[in-house]
Amino acid sequence: MDTAELMKQRHSVRQFTDRPLEESAVQQLQEAITAVNQKSGLHIQLVTDEPEAFQAGKAHYGSFKGCRNYLVMAGPPGRDEAIGYYGEQLVLKAQSLGINSCWVALTYKKSRTREELKPGEKRYMVIALGYGETQGTPHKSRRIEDVSDWKEGDPEWYRKGIEAALLAPTAVNQQKFHFTRQGEQVTARAGLGFYAATDLGIVKYHFELGSGKDHTVWR
Ligand SMILES: Cc1cc2nc3c(=O)[nH]c(=O)nc-3n(C[C@H](O)[C@H](O)[C@H](O)COP(=O)(O)O)c2cc1C
């Protein structure tokens, strides 16, 4: 499946079935995590079959149900944007394996997660993973004109990049980011809001996929 389709199909899912993650999917996710960690210097970890972080004892915790797998998004401090940029690569990798997800900064049991932190590292947030009871639903979205300087006649790659960014998950669906174009280069800015720097990393990754450009597009 191509990446445009994956971005369209991904929605946050908070209710999961009991089905454990398939072994081959876990293996592929692990390989992707190792590659991402090597590239980024982050310390992202996959935890499987562990109900405590979303308290399986209670039917619902933080509006989640049946979540037993998650990514711990950890690394050195000051890497909020990288957490978003690289985490979203894993979210879309999971989606390609039929695994649903939800970024979770607040509504999980922070004292119950299972992870290893090296000295100086911190846990930023987690990403819930599993086979959803549903595939989720598209979020309400701002318009291209609301989040960029896009105007009629601009290059198609620019429009496609912004459209892909608008499909990205952002904290409380705030979509507080803004793109401006200078020729072949683009500036992406985070607005004010909770986790806006992490959101920015996520939307920059979507922009790259949608526009067909790589990281050299950023100014
Ligand atoms: C950085 C970040 C933090 C988030 N934290 C939470 C959270 O604590 N609890 C939750 O239920 N959803 C959380 N979300 C999911 C957003 O609410 C969701 O992505 C947004 O509403 C857009 O919906 P979509 O992901 O289905 O496109 C978070 C998303 C991001 C990107």
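Trainee: Into how many nonpolar, polar and charged residues does the shell around the ligand divide?
Mentor: Happy to start there, and do keep in mind that this is a predicted model. The shell around the ligand holds two charged residues. The others divide into nine polar and 10 nonpolar.

Trainee: Which residues come nearest to the ligand?
Mentor: There are 21 residues around the ligand to choose from. Those that come nearest are Ser-12, Trp-103, Leu-106, Pro-169 and Asn-173.

Trainee: Which strand and which helix each supply at least two residues of the shell around the ligand?
Mentor: Good one to trace in the structure. At least two shell residues come from each of these elements. They are strand E3 and helix H5 (196–211).

Trainee: Why does the ligand lie between two domains?
Mentor: Look at who contributes to the shell. Residues of the shell come from both domains, so the ligand lies between them. The two are domain 1 (3–130) and domain 2 (144–213).

Trainee: What is the order of the strands in the open sheet, and which stand at the edges?
Mentor: The sheet has four strands with antiparallel pairing, in the order E1-E2-E4-E3. An edge strand has a single partner, so one of its sides is left without a neighbour in the sheet. That describes E1 (45–47) and E3 (100–104).

Trainee: Over how many bridges do E2 and E4 pair, and which residue in E4 stands opposite Val-72?
Mentor: Strand E2 (residues 69–75) and strand E4 (residues 122–130) run in the antiparallel sense, paired over seven bridges. Opposite Val-72, in E4, you will find Val-126.

Trainee: Which helix packs on the sheet?
Mentor: Follow the contacts, which reach E2, E3 and E4. The helix direction makes about 15 degrees with that of E4. The helix is H3 (residues 80–96).

Technical notes: Residues are numbered from 1 along each chain as its sequence is written. This is a predicted model: local features need pLDDT of at least 70, side-chain atom pairs count only at pLDDT 80 or more; totals for chains, interfaces and linings use all residues. Two strands pair if DSSP finds at least two bridges between them. Two residues are in contact if their C-beta atoms, placed from the backbone, lie within 7 Å. Axes are lines fitted to C-alpha atoms, for helices over the stretch in contact, and angles run from 0 to 180 degrees between N-to-C directions. A residue is near a molecule or strand if its C-beta atom, placed from the backbone, lies within 6 Å of it. Ala, Val, Leu, Ile, Met, Phe, Trp, Tyr, Cys and Pro count as nonpolar, Asp, Glu, Lys and Arg as charged, and the others, Gly among them, as polar. Domain bounds come from an automatic or database domain assignment.
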